[in-house]
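Visitor: Let's zoom in on one part, please. I'd like a close, unhurried look at strand pairing in chain B.

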Amino acid sequence: MSERHVILELKKLKKYFPIKRGLVVHALEDISVSIYEGEKFGVVGESGCGKSTLGRTILQLYPPTSGACIYYGRSLEGVSPACGENGIDLTKLRPQEMRVLRRDMQIVFQDPAASLDPRQTVGSTIEEVFKINTDYAPSVRKEKTLVLLEKVGLKREHFEYYPHQLSGGQKQRVGIARAIALDPKFVVLDESVSALDVSIQAQILLLLEALNREKNLTYFFITHDLGVVKYFCDRVLVMYLGNVCELAPSKVLFRSPLHPYTVSLLDAVPRPVVHDRAQKERILEGEVPSAIAPPPGCPFHTRCPRRMLLCSKEKPELREIEEGHFVACHVYA
Amino acid sequence: MEKILEVKDLVTTFRIAKREYPVLRGISFDIHRRETVCMVGESGCGKSVTALSIMDLLPVNAHVASGSIVLDGQELTTLSHRARNALRGEKAGMIFQEPMTALNPLLTIGYQLTEGLRYHKRLDSKTARELAVQYLKKVGVANPVERLKQFPFQLSGGLRQRIMIALVMSLQPSLIIADEPTTALDVTIQKQVLALLNALKKDMDAGILFITHDLGVVAEIADRVVVLYSGMKVEEGPVEAIIGAPRHPYTQGLLHAVPNVDAEDFVIQAIPGTLPHVTEEIRGCRFHPRCPYATERCRQETPVEIEFVPGHRVACWNVKESAR
């Protein structure tokens, strides 16, 4: 890879959700990571680890509790770029300023049926994006929409269709068309292929890959499917209970995972290969603790097969073990 | 081995806009005692409808139009709903995908676990509770006596699924149908539940019909595999053959479409097109519009199933005569 530009930098991003009686859900704990332009950045972890919260907090759909989210994709007039070269701290923007930036930063959701209006045609759903954000004439809007439909592998006829007339894969294509309509730079894909059948999932992954190559799009790809991440992503962030466990280039992470949680997670993926079931397997015991009262020390120590005395006392820092390979674990300190 | 379930030429139709459409188009398969048969395929292929046909839990607009289902030597399709109701749970138990919706949120775990024992086995509450505690221990639930007093919402997804398994097992049915029982669970919890099912199998007499779309799960749990596509059985065989050397282009396509965590340079291959809708009539093989090997014959005639090695059957014109 040639010189890489950081497009988004998260600095100690924290998100707590207050619930009843002074209780707080610790959804994100001091997440610091840089994402490069044009990269397919994967985020994995089990349900409740905070991966979706992270995606939404980056887009300021949830206001962060503390920390910064610095975007380097464009300069914004009238906003003082107080965070270094052309960087904008999204957490400091007023809503109307953020709205301008939303053209650059889009999201595709998991359930394509729930994210489309059942009473709106495909054409009008996509055209609406132009209506709100541009001053294109109606004929131009329509033409742009038709071009987009073809770009995502739909037909021009689909302009008049309603969501219920489309299959799941086709609906997700509409979701993608809507997200890329304004030529964004950064797209959050929140389990965007998880609800699709495998044969369709593969089609959508191929489409996303083509768009990434063509437009140098940056993806923030949230999923629980490790096979998909390995295949699709350049770098992968592994999360557990709101914390970063490990961050590494995809190839490195899958070849030599370091964090005991990453190892257990990879072990747990059922492989479609013939194997001897009598063989003794390592099975991760227990369940994810509550994010309302996270355990002290390392969040994973309650289930960790390699825990030491230190692990229940002190939280491990994220350290760079080899170039580009970060891990938060006392075993590697 | 003794056959516990024999399904033959099963046709189940759905009434849509005053017309009957077949969702299952003549499916046949057997399950033996102590055997796990996995049924795989994508959504809409008829996996769940097969399960619901066996359990007599089809929606009101659906019914078994023809074919036979023999469970433990008894023909089910000719029985009344009332008679089938009495068999459900006792002869054939079912584990659903979402343990939250399968358990009643208003009743304690104890009530739900003992209900079947009291109704089918006519046990008094005390004996039923003791038995329930035993089964909770068997499925690895800690503090079983405490759990009996709890409600489903107080338990995690993995725990709820263990309770569903205990509930079904406690009645010692001949057949257990598990419809995507681990799909809603996280992978580390899924691994625990699959290991549990494999361990329990050893001291169970039942046959298991395990429905899943995940070929990794199949490799973990199946003895034999039935592959469905659009209401048809396209391939059937021992797990080693289906995962290791599949013959039907659809089964092969499924394996190539799933990114493999172990492969160094995996090339993903999408199956082009989409699954046909149930109302869509397709001449010839129902897979031919998406099949890379389709020939004129595939477009004209429905393939006849052949058993080209004992136990491995495939319905595809391109599996050559020489292999037959």
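Guide: First, a quick ground rule: two strands count as a pair when DSSP finds at least two bridges between them. Keep in mind, too, that this is a predicted model. Let's start with the hairpin, made by strand 11 and strand 12 of chain B, with 2 residues between them. Look into that turn and you'll find B:Gly311, whose phi is positive, at about 90 degrees. Strand 11 covers residues 306-309 of chain B and strand 12 covers residues 312-314, and the two run antiparallel, joined over 3 bridges. To get your bearings on the pairing, find B:Val309: across from this residue, in strand 12 of chain B, stands B:His312.

Now swing over to the open sheet in chain B, where 4 strands sit in the order 2-1-4-5 with antiparallel pairing. At the edges are strand 2 (19-32) and strand 5 (74-75) of chain B; each has a single partner strand, so one side of each has no neighbour in the sheet. The partner of strand 2 is strand 1 of chain B, residues 3-16, and this antiparallel pair is held over 11 bridges. A handy landmark there is B:Phe14, which faces B:Tyr21 in strand 2 of chain B. Then there's a helix to add to the picture: helix 1 of chain B, residues 47-55, packs on the sheet and touches strand 1, strand 2 and strand 4 (62-71) of chain B. As for how helix 1 lies, its direction makes about 80 degrees with that of strand 2 of chain B.

Conventions: Residues are numbered from 1 along each chain as its sequence is written. Chains are lettered from A and ligands numbered from 1 in the order in which they are written. This is a predicted model: local features need pLDDT of at least 70, side-chain atom pairs count only at pLDDT 80 or more; totals for chains, interfaces and linings use all residues. Two residues are in contact if their C-beta atoms, placed from the backbone, lie within 7 Å. Axes are lines fitted to C-alpha atoms, for helices over the stretch in contact, and angles run from 0 to 180 degrees between N-to-C directions.
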